[in-house]
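Reader: Hi! Could you walk me through the empty spaces and the helix packing here, and tell me how each label is earned?

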Amino acid sequence: MRREDWNARYAAVENLWAAKPNRFLVAEVEQLPPGRALDLACGEGQNAIWLASLGWSVHGVDYSDVAIEKARGRAQRDGVAVEFTCADLVTYEPAPRHFDLVIVLYLHIPSRERRGVLANAAAAVAPGGTFLLLGHDRSNLTDGVGGPQDPDILSTPEEIASELPGLEIEKATTFLRDVRGEERDAIDNLVRARRPAPQ
Ligand SMILES: C[S@@+](CC[C@H](N)C(=O)[O-])C[C@H]1O[C@@H](n2cnc3c(N)ncnc32)[C@H](O)[C@@H]1O
């Protein structure tokens with residue numbers, strides 16, 4: 001999808017995504033001590049705002065200016081400070097080794113672009129910091145339900161794990177996500193990695 005298409009989707013409804021943080025993100029990161037977090041493809045900001053409410057200093061980035069405006073409004077309403085930037089991740093370069101947590105949730109872009117975005121995301125993880133990606137798995141096309149239908153913008157955990165230079169993989173797995181009203185579950189993937197801390 002192009003930026004204009006995302007803007008149209010975000011403009012059409014008040015909330016495109018649930019206002020609550022992603023439950024799989026919560027399970028993975030709620031035990032981490034707060035530090036600096038980067039949310040790439042932050043959308044309407046619900047995950048960035050949740051992290052900020054826990055004491056994280058959060059920077060959210062998305063190329064949809066409509067989503068970013070909504071995110072800023074939400075953060076203001078919730079009384080939390082989050083820095084939101086409107087930028088295309090294909091060219092955006094976050095500060096290297098700066099963030100204790102980098103998250104990328106449901107960003108589906110062509111694989112040749114994804115590799116560069118993930119290399120920059122991995123580079124942004126500080127020593128001892130954590131990287132977390134959630135996305136629709138490619139097997140969802142045949143064995144799951146919903147989600148994007150172009151195989152090139154989907155991934156497997158193995159592909160994601162191989163696109164994170166300098167990070168140690170802690171988890172690279174698929175999981176089932178129940179979808180209301182559907183007989184089958186969706187199949188998502190999760191990759192969690194860490195930059196080794198200096199000895
Ligand atoms: C499925 S939404 C996920 C949003 C959010 N991470 C969440 O989980 O609610 C995908 C997001 O990726 C953003 N996006 C897609 N391609 C992008 C790019 N090249 N640069 C920045 N953002 C992009 C879209 O604007 C959209 O907000």
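Author: Gladly! This is a predicted model, and the structure holds two cavities of 30 Å³ or more.

Reader: What makes a space a cavity?

Author: A 1.4 Å probe fits there but cannot get out, which means the space counts as a cavity. About 80 Å³ lies in the largest cavity, and the second largest has a volume of about 40 Å³.

Reader: Which residues line the largest cavity?

Author: Among them are Val 104, Tyr 106, Arg 114, Gly 135 and Ile 160. Strand β5 (residues 125-136) gives the largest share of this lining, three residues.

Reader: How do you know how the lining of the largest cavity divides by class?

Author: Residue type decides: Tyr and Val count as nonpolar, Arg as charged, and Gly as polar. Sorted this way, the lining has eight nonpolar, three polar and one charged residues.

Reader: And what lines the second largest cavity?

Author: Its lining consists of Leu 40, Leu 89, Tyr 92, Pro 94, Val 117, Asn 120 and Ala 121. Six of these are nonpolar, one is polar and none is charged. Helix α5 (residues 111-123) supplies the largest share, three residues.

Reader: Why is α1 called oblique to α4?

Author: Helix α1 (residues 3-12) and helix α4 (residues 65-78) pack at an angle of about 40 degrees, with axes 7 Å apart. Roughly parallel needs an angle under 35 degrees, and roughly perpendicular needs 65 to 115. The angle of about 40 degrees fits neither, so α1 is oblique to α4.

Reader: Which residues meet there?

Author: Arg 3, Asn 7, Tyr 10 and Ala 11 in α1 meet Asp 65, Val 66, Ala 67 and Lys 70 in α4. By class, that contact has four nonpolar, one polar and three charged residues.

How values were computed
Residues are numbered from 1 along each chain as its sequence is written. This is a predicted model: local features need pLDDT of at least 70, side-chain atom pairs count only at pLDDT 80 or more; totals for chains, interfaces and linings use all residues. Side-chain values use heavy atoms; hydrogens and water are left out. On a 1 Å grid over the protein atoms alone, a cavity is a set of points where a 1.4 Å probe fits but cannot get out, and a pocket is an open set with protein on both sides within 12 Å along at least five of seven lines; lining residues have an atom within 4 Å of a point. Grid points are joined across faces, edges and corners, and a volume is the space filled by probe spheres set on the points. Helices (H or I, at least four residues) and strands (E, at least two) are DSSP runs, numbered from the N terminus. Axes are lines fitted to C-alpha atoms, for helices over the stretch in contact, and angles run from 0 to 180 degrees between N-to-C directions. Angles under 35 degrees count as roughly parallel, over 145 as roughly antiparallel, 65 to 115 as roughly perpendicular and the rest as oblique. Contact means heavy atoms within 4.5 Å.
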